[in-house]
Amino acid sequence: MKRHIFILSLFTFQFSLFTFPLSPFTFQFSIYMKRVVFILSLFTFQFSICKAQSPYISHVWDFLPAPGQFVNSLPEYESGDDAEAMRMKAEEAIANDNRGMISLGGWGGYVVFGFDHMIENIAGQNDFIVLGNAFYSSTGAEQDGRPGGSCEPGIVLVSYDANGNGQPDDEWYELAGSEYTNPLTIHGYTLTYHRSSSGTFPAWIDADSLTFTGTRLPDNYEDLSGTGTYYVQYAYPWGYVDNHPNSSEQAQLNIDWAVTAQGEPANLPGIHFVKVYTGVNQQCGWLGETSTEIIGATDLHLLTGLDANTSDYSTDACMVYTLTGIPVGTTLPNAHGIYIVRTRSTTQKICR
Ligand SMILES: [Ca+2]
Ligand SMILES: [Ca+2]
Ligand SMILES: [Ca+2]
């Protein structure tokens with residue numbers, strides 16, 4: 001559109017040059033063209049304000065894994081990399097549905113990321129998912145109804161951009177998952193790691209120690225072999241990352257679960273930023289420390305209506321949805337509002 005307007009503007013400019021001196025007709029016509037260009041500019045302006053929002057992570061703000069066996073390889077540390085270089089590598093891995101992988105290392109190691117819009121908190125509905133690499137064991141291991149396998153729960157904090165500056169410098173709220181009130185869960189736990197020769201300390205950190213504070217979940221592993229050859233980690237029911245397979249509804253997260261430091265409901269209208277840190281502090285023999293892995297995150301409301309209507313993918317027909325994914329027809333309704341318009345190959349947000 002911008003190119004068209006530029007060309008149209010050139011055209012009007014040329015047109016007025018070539019028709020000089022002005023006759024009443026050219027004058028009128030040039031006013032008409034200007035009006036067209038003006039209206040078109042308004043349209044582009046509106047269109048760019050309402051440009052499509054991405055359901056995926058748009059930016060990684062901070063990345064500081066705790067010492068762990070994959071810490072210098074997911075993402076890969078290269079000589080000379082500093083904290084900013086590693087942050088960019090983490091962003092490259094997990095933003096924009098790239099589906100790379102980062103490891104948060106041992107307990108407390110974290111990543112902070114954000115979206116290009118507010119993820120709406122719809123009451124009673126799951127709102128987003130942070131994707132991990134958890135899986136259930138093929139042996140069907142279970143403990144008290146909890147499936148076992150590779151389940152490495154990460155704790156989630158969320159933040160609403162209350163001061164509107166686009167930066168994650170506002171209050172954080174923990175999502176109170178299923179173990180929040182477990183008497184074995186330790187709130188306000190602090191752990192300091194010291195540099196060692198094992199190569200598990202983040203290589204881009206100059207300090208000789210790293211201290212983390214947060215919630216420590218109870219250990220969730222069992223040595224089924226009894227001899228240290230077969231470890232299983234059992235999934236907690238809900239509210240954590242890398243705890244259930246991504247396809248499981250129990251992997252989805254609900255902003256309704258956010259609580260204040262006093263444990264009261266935070267009642268957030270939505271969130272702009274997410275922080276995830278490894279929630280257990282345990283070593284599983286040869287498996288090493290339990291560390292949360294992340295491959296991306298998704299605003300479920302920007303996908304729900306779209307993915308639920310998979311039949312639309314089979315045609316080139318245009319489908320229009322509300323912001324929360326409710327289909328409203330094949331053409332833009334007359335009512336003013338912001339709509340998601342999907343064709344087979346494109347998705348756009350359009351102001352009406
Ligand atoms: Ca919700
Ligand atoms: Ca802010
Ligand atoms: Ca994992």
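**Sheets, helix H3 and nonpolar cores**

Phe-128 has Leu-253 as its bridge partner in S14. The model that shows this pairing is predicted. S4 and S14 pair in the antiparallel sense, and two bridges link them. Both strands belong to an open sheet of three strands, ordered S14-S4-S18, with antiparallel pairing. S14 (252-253) and S18 stand at the edges of this sheet. Each has a single partner strand, so one side of each is left without a neighbour in the sheet.

The protein as a whole holds four helices and 22 strands. Of its 352 residues, 35% are buried. Contacts between residues at least 6 apart in sequence were also examined: 71% of them join residues at least 24 apart.

Another open sheet has six strands. Their order is S1-S3-S16-S8-S9-S15, and the pairing is antiparallel. S1 and S15 (258-259) are the edge strands, each pairing on one side only. Within this sheet, S3 and S16 run antiparallel and are joined by seven bridges. At one of these positions, Gly-114 has Phe-273 in S16 as its bridge partner.

Helix H3 lies across S1 and S3. The helix runs at about 125° to S1. H3 spans residues 83-94, which is 12 residues. From its first C-alpha to its last it reaches 17 Å, close to the 16 Å expected at 1.5 Å a residue. Buried positions in H3 are Met-86, Arg-87, Lys-89, Ala-90, Glu-91, Ala-93 and Ile-94. The charged names Arg-87, Lys-89 and Glu-91 thus appear in the buried list beside Met-86 and Ile-94. The buried residues of the helix pack against five strands: S1 (59-64), S2 (102-103), S3 (110-120), S17 (293-294) and S18 (296-299). S1 and S3 come from the six-strand sheet. S18 comes from the three-strand sheet.

The loops on either side of H3 carry backbone features of their own. Before the helix, Pro-75 lies in the loop between S1 and H3. A cis peptide bond joins Leu-74 to Pro-75, with omega about 0°. After the helix, the loop between H3 and S2 contains Asn-96. Asp-97 is found in that loop between H3 and S2 as well. Asn-96 comes just after H3 and takes a positive phi of about 55°, although it is not a glycine. Asp-97 is likewise a residue other than glycine with a positive phi, near 60°. Asn-96 counts as partly exposed because it has 13 C-beta neighbours inside 10 Å. Asp-97 has 14 other C-beta atoms within 10 Å, so it too is partly exposed.

The largest nonpolar core has 51 residues. Ile-94, Val-111, Val-130, Val-156, Val-158, Val-274 and Val-276 have the most contacts inside it. Two or more residues of this core come from each of S1, H3, S3, S4 (128-131), S8 (154-159), S9 (172-175), S13 (231-234) and S16 (270-278). S3 gives the most, with six residues. A second, separate core has seven residues, among them Trp-107, Tyr-193, Phe-212 and Val-280.

Val-111 illustrates the packing in the largest core. Residues up to four places away in sequence aside, Val-111 touches Val-60, Asp-62, Phe-63, Ala-90, Ile-102, Leu-104, Val-276 and Ile-294. Ala-90 is one of the buried residues of H3. Val-276, like Val-111, is listed with the most contacts inside the core.

Gly-148 gives another local view. This glycine is placed in strand S7 (residues 146-150). Gly-148 counts as buried because 21 C-beta neighbours lie inside 10 Å, where the cut-off is 20 or more. Its C-alpha atom and that of Val-232 are separated by 5.8 Å, although the two residues are 84 apart along the chain. Val-232 is also among the residues that Gly-148 touches, once residues up to four places away in sequence are set aside. The others are Tyr-136, Ser-137, Ala-141, Glu-142, Gln-143, Gln-233 and Tyr-234.

Technical notes
Residues are numbered from 1 along each chain as its sequence is written. Chains are lettered from A and ligands numbered from 1 in the order in which they are written. This is a predicted model: local features need pLDDT of at least 70, side-chain atom pairs count only at pLDDT 80 or more; totals for chains, interfaces and linings use all residues. A residue is buried if 20 or more other C-beta atoms lie within 10 Å of its own, exposed if 12 or fewer, and partly exposed in between; C-beta atoms are placed from the backbone. Two residues are in contact if their C-beta atoms, placed from the backbone, lie within 7 Å. The expected span of a helix is 1.5 Å times one less than its number of residues. A nonpolar core is a set of buried Ala, Val, Leu, Ile, Met, Phe, Trp, Tyr and Cys residues joined through C-beta atoms within 7 Å. Two strands pair if DSSP finds at least two bridges between them. Axes are lines fitted to C-alpha atoms, for helices over the stretch in contact, and angles run from 0 to 180 degrees between N-to-C directions.
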